[in-house]
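Got your viewer open? Load the model, find the tool for selecting residues, and follow along stop by stop.

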Amino acid sequence: AVVPTAERAKITLTNAGLGPAVIRGFRWTLDGKSKDQLKVQNFSDLTRLLDIGSGIVYEFPLREDVIGAGSVVTAVSVPVGTYTPARAAQIRAAFGRLRFEVDYASLYDESPTTYVWVGSKSHPQELAALDDELKG
């Protein structure tokens, strides 16, 4: 989900299941390219490629992290700063370029399931509404 607040816009992952989810893997792509294809060495490189300014916080879930039922994990958060329509458009455009794949399993199931979040396709209504919501 895209979650704007007065200070930060966030991409969050929610465990909507009945029990804990164990992260088995997490991958992201930017414009359809993997970290290796982009030659990204660290999050500073990703920030530069997103062209969204400084202050981005990355909290991608790690392998074997456990996310409790009903828990929300922030994958990426961006400071909004002073609201302008251009800033909202910049955040919307950056989020639209990202894709996350999270492999997870319940504590009781060994076969992982993959959840895919595609910024430009999975939640277009959230990205389209980001401008209005950031105005507060």
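The tour starts with the whole chain and then goes through it selection by selection.

**Before you click**

This is a predicted model, in which local features need pLDDT of at least 70 and side-chain atom pairs count only at pLDDT 80 or more, while totals for chains, interfaces and linings use all residues. Residues are numbered from 1 along each chain as its sequence is written, and side-chain values use heavy atoms, with hydrogens and water left out.

**Stop 1: the whole chain**

Show the protein chain as a cartoon. You should find 4 helices and 9 strands. Here helices (H or I, at least four residues) and strands (E, at least two) are DSSP runs, numbered from the N terminus. Walking from the N terminus, the order is β-β-β-β-α-α-β-β-β-α-β-β-α.

Now switch on the surface. The protein chain exposes about 7500 Å², and carbon and sulfur atoms supply 53% of that. Accessible areas come from the Shrake-Rupley method with a 1.4 Å probe; for residues, only the protein chains shown count as cover. Of the 136 residues, 39% are buried. The cut-offs are: buried under 20% relative accessible area, exposed over 50%, partly exposed in between (1.4 Å probe, protein chains only).

How much of the contact list joins residues at least 24 apart? Among contacts between residues at least 6 apart in sequence, it is 65%. A contact means heavy atoms within 4.5 Å.

**Stop 2: the β8-β9 hairpin**

Select residues 98-106 for strand β8 and residues 113-118 for strand β9. The two run antiparallel and are joined by 6 bridges; strands count as paired if DSSP finds at least two bridges between them. A hairpin of 6 residues leads from β8 to β9. Click Asp 103 and look across: Thr 114 in β9 stands opposite.

One thing to keep in mind while you look at strands: in a regular strand, side chains alternate between the two faces of the sheet.

**Stop 3: the charged network**

Keep Asp 103 selected and add Arg 27, Arg 99 and Glu 101: these four are linked in a network of salt bridges. A salt bridge is a side-chain nitrogen of Lys or Arg within 4 Å of a carboxyl oxygen of Asp or Glu.

Start with Arg 27 and Asp 103, whose closest N and O atoms are 2.7 Å apart. Arg 27 sits in strand β3 and Asp 103 in strand β8, so this pair ties together parts 76 residues apart in sequence. Asp 103 is buried at 14% relative accessibility, while Arg 27 is partly exposed at 36%. Next, look at Glu 101 and Arg 99, with closest N and O atoms 2.9 Å apart. Arg 99 is partly exposed, at 31%.

How many salt bridges does a search of the whole structure find? It finds 5. For another one, select Glu 64 and Arg 24, which meet at 2.9 Å, N to O. Glu 64 is in the loop between β5 (57-58) and β6 (66-67), and Arg 24 is in strand β3 (residues 21-30), 40 residues away. Is Arg 24 buried or exposed? Arg 24 is buried, at 18%, whereas Glu 64 is partly exposed, at 43%.

**Stop 4: helix α2**

Select residues 43-50, helix α2, and click Thr 47. Thr 47 is buried, with a relative accessible area of 17%. The side chains of Thr 47 and Tyr 58 share a polar contact of 2.8 Å. A polar contact is a pair of N or O atoms within 3.5 Å; within protein, one must be able to donate a hydrogen and the other to accept it, and residues adjacent in sequence count only if both atoms are side-chain atoms. Leaving out residues up to four places away in sequence, Thr 47 touches Ile 52, Gly 53, Ile 56 and Tyr 58.

Highlight the buried residues of α2: Asp 45, Leu 46, Thr 47 and Leu 50. Their cover includes β3, β5, α3 (85-96) and β8.

**Stop 5: two loop residues**

Just past α2, select Asp 51, which has a positive phi of about 55°. Asp 51 lies in the loop between α2 and β5 and is exposed, at 56%. Now jump to Asp 31, in the loop between β3 and β4 (33-34). Phi of Asp 31 is also positive, near 55°, in a residue other than glycine.
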